[in-house]
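New to this one? Here's a quick briefing to read alongside the sequence and the 3D view.

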Amino acid sequence: MAPPEGSDTTTANTANNEIATLLETATTNLQIRSEVQTCLSSLLTDVELATTLSTALQSSVSTTQLRHKLTKTQLALDESRAVVEHETTRRIQLGDAFLVEWVKLSTYIQELERWRENNQVRIDEYDDMKRQLGVVTDRAKALELVNEEIMVSRQSGADGEKEKESADEEKGGEEGAVVGSGADGGGAT
């Protein structure tokens with residue numbers, strides 16, 4: 001049996017409608033997938049761009065930090081060079097001053113050596129005179145001591161004679177006068 005003609009059209013319409021709906025759904029799905037794909041591509045591009053920019057930013061920050069460190073290092077190096085240059089200049093000046101003083105001292109020592117050579121006889125004579133003066137000084141001190149002892153003994157002897165004189169005077173007379181004059185005469189001798 002053959003299907004009725006009208007029913008074929010309806011079935012065909014229904015099938016066409018279903019196909020149209022399926023095509024529409026497929027088109028909508030395709031458009032959604034296309035937009036999702038575009039969004040994902042855009043997102044992927046953004047991530048890649050962010051990564052690239054992040055790397056560039058890190059490089060820029062590192063470069064800035066390295067330039068800052070380089071500047072500090074350059075300043076420290078310049079300061080170090082200035083200190084070394086100053087120290088070198090100071091050492092050169094000290095060396096020059098030392099050399100000048102050394103030359104002066106050498107010249108002075110040579111003059112002293114020449115003077116010593118020229119005056120060695122006088123120096124030796126001076127040393128001998130000094131030694132002789134010491135000997136004479138020692139003798140003079142010894143003589144002073146002896147002289148003092150003599151004076152002390154004379155003093156004590158004179159005191160003893162005065163006592164004799166006064167004793168003789170008490171005995172009286174002429175004998176005491178002779179003894180006193182003899183004692184004075186004997187003391188003078």
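The secondary structure here is easy to take in: the chain has three helices and zero strands. Follow the sequence along and you get the pattern α-α-α. Keep in mind that you're looking at a predicted model.

**The chain as a whole**

- The chain has 189 residues, and buried ones make up just 3% of them.
- About 16900 Å² of the chain is exposed, with 60% of that supplied by carbon and sulfur atoms.
- Helix α1 covers residues 5–118, and helix α2 covers residues 120–171.

**Salt bridges around E87**

- Side chains of opposite charge can pair when their charged atoms come close.
- How many salt bridges turn up in a search of the whole structure? There are three.
- One of them joins the side chains of E87 and R90, at 2.5 Å from N to O.
- Both E87 and R90 belong to helix α1, where they sit three residues apart, or about one turn of the helix.
- E87 also has a salt bridge with R91, and here the closest N and O atoms are 3.3 Å apart.
- R91 and E87 are four residues apart in helix α1, so about one helical turn separates them.
- Put those pairs together and you have a network of salt bridges linking E87, R90 and R91.
- Is R91 buried or exposed? R91 counts as exposed, because its relative accessibility is 58% and the cut-off for exposed is over 50%.
- E87 has a relative accessible area of 26%, so E87 is partly exposed.
- R90 comes in at 36% relative accessibility, so R90 is partly exposed too.

**The E101 and K104 pair**

- Another salt bridge runs between K104 and E101, with their closest N and O atoms 3.9 Å apart.
- These two are also in helix α1: K104 and E101 are three residues apart, so they're separated by about one helical turn.
- E101 counts as partly exposed because its relative accessibility is 47%.

**A nonpolar patch on the surface**

- Which residues make the nonpolar surface patch? They are I32, V36, L40, L43 and V47, and the patch comes to about 440 Å².
- To place it on the chain, look for V36, which lies in helix α1.
- V36 has a relative accessibility of 44%, so V36 counts as partly exposed.

**A negative patch on the surface**

- D124, E125, D127 and D128 gather on the surface as a patch of negative charge.
- Where is E125? You'll find E125 in helix α2.
- E125 counts as partly exposed because its relative accessibility is 45%.

**To recap**

- On the surface, look for the nonpolar patch that includes V36 and the negative patch that includes E125.
- For the salt bridges, start with the network of E87, R90 and R91, then go on to K104 and E101.

Terms used
Residues are numbered from 1 along each chain as its sequence is written. This is a predicted model: local features need pLDDT of at least 70, side-chain atom pairs count only at pLDDT 80 or more; totals for chains, interfaces and linings use all residues. Side-chain values use heavy atoms; hydrogens and water are left out. Patches are made of residues with over 30% relative accessible area and no salt bridge: like charges are joined within 9 Å, nonpolar side chains (Val, Leu, Ile, Met, Phe, Trp, Tyr) within 5 Å. Accessible areas come from the Shrake-Rupley method with a 1.4 Å probe; for residues, only the protein chains shown count as cover. A salt bridge is a side-chain nitrogen of Lys or Arg within 4 Å of a carboxyl oxygen of Asp or Glu. Buried means under 20% relative accessible area, exposed over 50%, partly exposed in between (1.4 Å probe, protein chains only). Lys and Arg count as positive and Asp and Glu as negative; His and the chain ends are not counted. The place of a charge is taken as NZ of Lys, CZ of Arg, CG of Asp or CD of Glu.
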